[in-house]
Amino acid sequence: MSWDELRASLRETAQREKDHDGPLSIVGTMALLSAVAGVLVAAIFIPGTALFASTANNLSNDIVNLPLELTDQPSAQTTRLLASNGELIAYFYEENRQDIPLEKIAPVMQDAILSIEDARFYEHGALDLKGTLRALVNNASEGATQGGSSITQQLVKLTLVSQATTKEQRMAAIKKSTARKIRELKLAIEYEEAHTKQEILERYLNLAYFGDSAYGISAASYHYFSRSPAKLNARQAATLAGLVKNPVEYDPGIYPEKALSRRNTVLAVMARLGKISEADAKRFQAAPLGLKITKFPNGCVSTVAEFSCDYVRRYLLKQSALGGTVEERQRALERGGLTIKSNISVRMQKAANKAVKDTVKATDSGAIGAMAMVEPGTGKVRSIAQSRPMGRDRKKGQSFINFVVPTRYGDSGGFPAGSTFKMFTVAAALKQGISVGQTFNSPARMTVPAGTYFACNGGGTAAWPVKNSTSSGTMNMYSGTQKSVNTYFAQLEKKAGLCNTVRAAEAMGIKVPDRDQVGPFTLGVTSVSPLEMAAAYAVPASGGLYCAPRPIDSIVDSNGKTIAKYRPKCERVLTKDQAAQINDILRGVQEPGGFGYSNGTGLSVPSAAKTGTTQDNKAVWYAGYTPDLATAAMIAGVKKSGAPKSLAGVTINGAPISFSAVGGSSLAGPMWAKAMQALDEFLPGTKFDPPPARKPAAKKPASNDDDNAGNDAGNGDTDRGRGNGTDGPG
């Protein structure tokens, strides 16, 4: 008899009996059972290939493509992202699940699920004949799928659904048909032959869906009752066991009355089977559900470290340790049950969060506050923070653009960094052997003639009109840096060499497009991210090592095996003496007389910094550090698209910003200070190495046309449209 003939016979007999307005007669029932029993016996002994052949003509290709053998493939597991101290930051999952061994599941939970789903589990094989026959009879008579499957049969179905790779295969795995039931039975029989009852029950409890995105008993126990499965009591176990039949209909968060009724049914069955006493059953039935919900948010939104988390996620999607393609890495991240230990410090993250959000409001539509912290000498990324929270609600200022990291990790194109680039000019000069006592007459305005600078490809540059926005006069490397004198740095860049200055920046992790190899390079015309600048300023802080930013410490798989360990990738780009000299020069910004210090940026531990205000006032910066932590703070004007625009006229935290008020030390400096001063007491207080040369006394510059470009009051655009030669007071 074929499956179609069987079903037709069952329906005909059942309908004939129903026409008598009553339940199936003994004769009718026996007729049905005889037919079904014959088929079931045949199914037990028919080889899989024969089963395939006999059903293939009447099944869709997707059903045919379902496996004839069941393999124990790993089920989807939840990945955890941890902070450097082990605190949880976020979950990533396709299905929120954490597999656990049976011995870590309370016996009463095992009793509850078996009582309501398969009371004779330990007595029968893969097939509970009573339940299966009852299900098939009712399915034939009413055209609906009824329970009655054993735990093993249910596990087969759950596994087929879990391992389906297409939507069509998932639908085929739950298709209402006798053929599917027989197929599952065949697989269940084979599965029981290869596994113990304990192994089957363990896998079932880990695979079952309990509703509200809780897959498996561990996720369900923590979600609904905020406790481990080992500590569940009978009342809680009955609630969870009752959900498996229909997690949507019995969802206690939406339908508490139905969930309560279902729980009480489970308790009654447990009492009838002797798993709990009648007295306990009645006591628990009289109690409320007693839910204690713990949420397991998926992804980075609303976490303590939203954009640090997103940076880690996007960084992981580029790591070959998780797979050869982005798709494979995504699957490993969302299904692999990984434990990812990041280098994010919760304390530093909270300090950065508060600093940016107290300075720039999320709803300040024309501005963004951003901050990155990097550990010198290791490259550990300690925090990423910005004023706009993660999300899609623009009215609340939310955004998914990460303005703190390079484009490949956050979709922002970056912002010009202003005079913070003068540090690279100092580094290039020191590497060329130029003395810190090098003085230049630095007038308020000057024009650097065409052909003064040469890019790395040998090409010359156009004339560059440049002017100061701070001090003028005779300057050396110390005073010119502390006062951020543009005309001094125009001349220092000439002496050090434009290409050497570009190479110094590149050695510290800055990517410089060819179009930016122009005279105003020293004034920061190149667009960068706060993370790149924090990593660059960590170079002198570390004594001369550039360490690539590193957000992750290690990745551990679901079995506890370390599959990737991320060690510092550092390269010496400055000598220790050169680094110590830069530190001593930049300390002036953080000391009395420096732009930062005058705006309250001082710390109790040794520190150094450089301010930056870009052309057209599109961004203001404060890049500062101690020997133990480098922090770059930026406030930038942004359009709705995220592209840069001028800060002039933008309202920040309720105060309109005038053109003259835009400055790195006055806007970004205080934001930097809020974060660093909150961390001041936790920083080790390491001292900078002594410099090879101390701050020189001021002296009159030599009269040498080669070292002093001609003065000019002009002010205009440079070649290739890069800048107007002005830079704010830091």
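A charge counts as sitting over a ring if NZ of Lys or CZ of Arg is within 6 Å of the ring centre and within 35 degrees of the ring normal. With that in hand, have a look at Lys258 in this predicted model: its charged end sits over the ring of Tyr255, 5.1 Å from the ring's centre. Arg283 plays a similar part with Phe284, its charged end sitting over that ring at 4.6 Å from the centre.

Now for rings meeting rings. A pair of aromatic rings is described by the distance of the centres and the angle of the planes. Searching the whole structure turns up 16 aromatic pairs. Take Tyr311 and Tyr409: their ring centres are 5.4 Å apart and their planes stand at 75°, so this pair is edge-to-face, given that planes over 60 degrees apart get that label. Tyr311 belongs to helix 15 (residues 306-316) and Tyr409 to helix 18 (residues 407-410), so the contact links distant parts of the chain, 98 residues apart. Both Tyr311 and Tyr409 are buried. They aren't on their own, either: ring pairs join Tyr311, Tyr409, Tyr315 and Tyr566 into a cluster.

Next, move along to Tyr537 and Tyr625. This aromatic pair is tilted, with 6.2 Å from centre to centre and 55° between the planes. Tyr537 lies in helix 23 (residues 530-542) while Tyr625 lies in strand 17 (residues 619-626), so here a helix and a strand are tied together by parts 88 residues apart in sequence. As for exposure, Tyr537 and Tyr625 are both buried.

Key: Residues are numbered from 1 along each chain as its sequence is written. This is a predicted model: local features need pLDDT of at least 70, side-chain atom pairs count only at pLDDT 80 or more; totals for chains, interfaces and linings use all residues. Side-chain values use heavy atoms; hydrogens and water are left out. Rings of Phe, Tyr and Trp (its six-membered ring) pair if their centres lie within 6.5 Å; planes under 30 degrees apart count as stacked, over 60 as edge-to-face and the rest as tilted. Helices (H or I, at least four residues) and strands (E, at least two) are DSSP runs, numbered from the N terminus. Buried means under 20% relative accessible area, exposed over 50%, partly exposed in between (1.4 Å probe, protein chains only).
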